[in-house]
Amino acid sequence: MSYTVTKKVDAVGSFCPGPLMELVRGIKEVEVGEIVELLSSDKGSAAEVQKWCEKSGNELLEIKQYDGDTQGFVIKKGERKRRRRRE
Amino acid sequence: MSNNTVNVVILGAGTGGTIVANKLNKKLKKTKKPFQLTVIDPSFKHVYQPGFLFTMFKKDKTHSIVKDGKKLLPKNTNMIEEKVKKVETKDKVVITESGTKVPYDYLVIATGAKLSPEKVDWWDDSLYHYYSPEAADRLSEKIENFREGKIIIAIGEIPYKCPPAPIEGALLLDDYFKKKGIRDKVEIQYCSPLDRAFSIKTVNEVIEPIMNEKGIEVETFFNVDDVDTEEKVLYSLEGSDLDYDLLIMIPPHTGQPFLHESGIAGKSGWVPTDRETLRVQDQENMYALGDTTDIPTSKAGSTAHYEAPIIAENIYKDIIGDTNLTKYDGHVQCFFLTEFGKSLFIDFNFEHPPKPGKPSRFWWWFKLFFKPFYFRAVAKGLV
Ligand SMILES: Cc1cc2nc3c(=O)[nH]c(=O)nc-3n(C[C@H](O)[C@H](O)[C@H](O)COP(=O)(O)OP(=O)(O)OC[C@H]3O[C@@H](n4cnc5c(N)ncnc54)[C@H](O)[C@@H]3O)c2cc1C
């Protein structure tokens, strides 16, 4: 799969709910269509990130396995389901 | 060390700073070396923050949860009533807003968390919360006069102080309106940024069913994105929008800005702290405790209480040349109020998640007893 990661969020060593909250922060900082990679070593992250992407309309492109427990979650920012008031 | 006197400077006289000052005072006496303990705080108003959950319902008075912090410190403490502006870490000097320079041999950072609503573009000062004495008082008027409609409690951003407090607020609102006989006219909704109401799974397994039973609607994966205070609509990053009549919004938190400006902390202001030795990373003779650290545990008074003796011990050991540092194991104990008259008790550390029992009257009474006990014994470092 070819893509360019716009923002890498390193949440290795931070425990639940740390990584998901770091991802939320990262997603807020990029534009629709851009890509965030979240690095996490928390075993709970996979299920949580998948569920969150489904609910929030962001696309989980790939889960990479790095050394040890570290996983990389590659996420493409989706179109917001509802427009914000000020937009 | 100037004139052989050991200068220990503590920034902040809240829960962590006060307990550590009292514990250190005893330990430093044991070194038999001359020492000077200095505490710097802009007001020395010591706030017992768990009391906000009572003042917001007018079940306690603000003056009984805010005490003169100077009276809780050792008498021999040099107390400087000023805001810290900067720490010159190379020269080991603290600079206050008026320009006073306070040199240190050991520095303890205990400046807590700052409520930083300006961090988000959607904050509006008309929003209600109960994370400061004034805000809890303002909310108490609103709650007292609330007759019908929908109340939402939402989290501005993670991390925030005392993770149970927003859910406790929702549970106590339920009981308050039940006792007033108008619960059927008041809808209560709790918005969680996570896929469950409470972050710690074992506690959530007890708490979320209680919320369901009491008819408190839990909206999960709700990360606040915007608020329209005129139309009274709350928007999430996940694409939900919720109407409300009263919105209680926990404000975003940061560390104190001078920590970033002094090069001690990153932009968020949370101090990078070794979770075992409580030493500040990449700094010499510097420790941190309480809400200001970046340690992945609850920002709670209880955390600061269990961290304080570790810092006192480690500074003492450093002075006497003992290199075997004492380690913090992540111990935290918390009450979790479920109604006026019942509470859970949770106890955990880095290795062992909490195993909460059931809410009981016993822990409720213990919680009520804890406030006078806090001012008489806990803050003074007696326990
Ligand atoms: C609603 C609510 C309920 C809570 N319930 C509980 C509970 O049941 N159990 C529990 O354990 N915890 C509870 N807490 C959390 C607890 O109150 C805090 O975690 C605790 O006070 C943290 O202690 P601290 O010393 O880190 O910070 P604080 O006690 O906030 O003290 C920080 C001090 O630093 C000072 N300061 C700030 N900036 C500067 C500066 N520039 N220079 C010098 N000084 C400065 C401030 O004036 C203050 O005195 C609750 C909090 C809230 C809001």
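Chain A exposes about 4,800 Å², with carbon and sulfur atoms supplying 46% of that; areas here come from the Shrake-Rupley method with a 1.4 Å probe, and for residues only the protein chains shown count as cover. Keep in mind that this is a predicted model: local features need pLDDT of at least 70, side-chain atom pairs count only at pLDDT 80 or more, and totals for chains, interfaces and linings use all residues. Residues are numbered from 1 along each chain as its sequence is written, chains are lettered from A and ligands numbered from 1 in the order in which they are written, and side-chain values use heavy atoms, leaving out hydrogens and water.

Staying with chain A, 44% of its 87 residues are buried, meaning under 20% relative accessible area with a 1.4 Å probe and protein chains only. The chain has two helices and four strands, in the order β-α-β-α-β-β from the N terminus. These elements are DSSP runs numbered from the N terminus: helices are H or I with at least four residues, strands are E with at least two. Of the chain A contacts with a separation of 6 or more, 65% are between residues 24 or more positions apart; a contact means heavy atoms within 4.5 Å.

Now for chain B and the ligand. The domain assignment splits chain B into domain 1 (2-113 + 255-332 + 374-378) and domain 2 (117-252), with bounds taken from an automatic or database assignment. Their C-alpha centres lie 31 Å apart, and the contact between them takes 15 residues from domain 1 of chain B and 22 residues from domain 2 of chain B.

There are 29 residues around the ligand, and B:Gly16, B:Asp41, B:Val84, B:Asp291 and B:Ser302 come nearest; to count, a residue needs a heavy atom within 4 Å. The shell divides into 13 nonpolar, eleven polar and five charged residues, and each of the two chain B domains gives at least three residues to it.

Some polar contacts (pairs of N or O atoms within 3.5 Å) to ligand oxygen atoms are:

| Residue | Protein atom | Distance |
|---|---|---|
| B:Asp41 | side-chain N or O | 2.6 Å |
| B:Lys367 | polar side-chain atom | 3.1 Å |
| B:Ala300 | polar backbone atom | 3.4 Å |

Taken alone, the ligand exposes 1,000 Å², and the protein buries 91% of that. Two elements of chain B, α1 (15-30) and α7 (301-320), give two or more residues to the shell.

Notes:
Buried means under 20% relative accessible area, exposed over 50%, partly exposed in between (1.4 Å probe, protein chains only). A polar contact is a pair of N or O atoms within 3.5 Å; within protein, one must be able to donate a hydrogen and the other to accept it, and residues adjacent in sequence count only if both atoms are side-chain atoms. Ala, Val, Leu, Ile, Met, Phe, Trp, Tyr, Cys and Pro count as nonpolar, Asp, Glu, Lys and Arg as charged, and the others, Gly among them, as polar.
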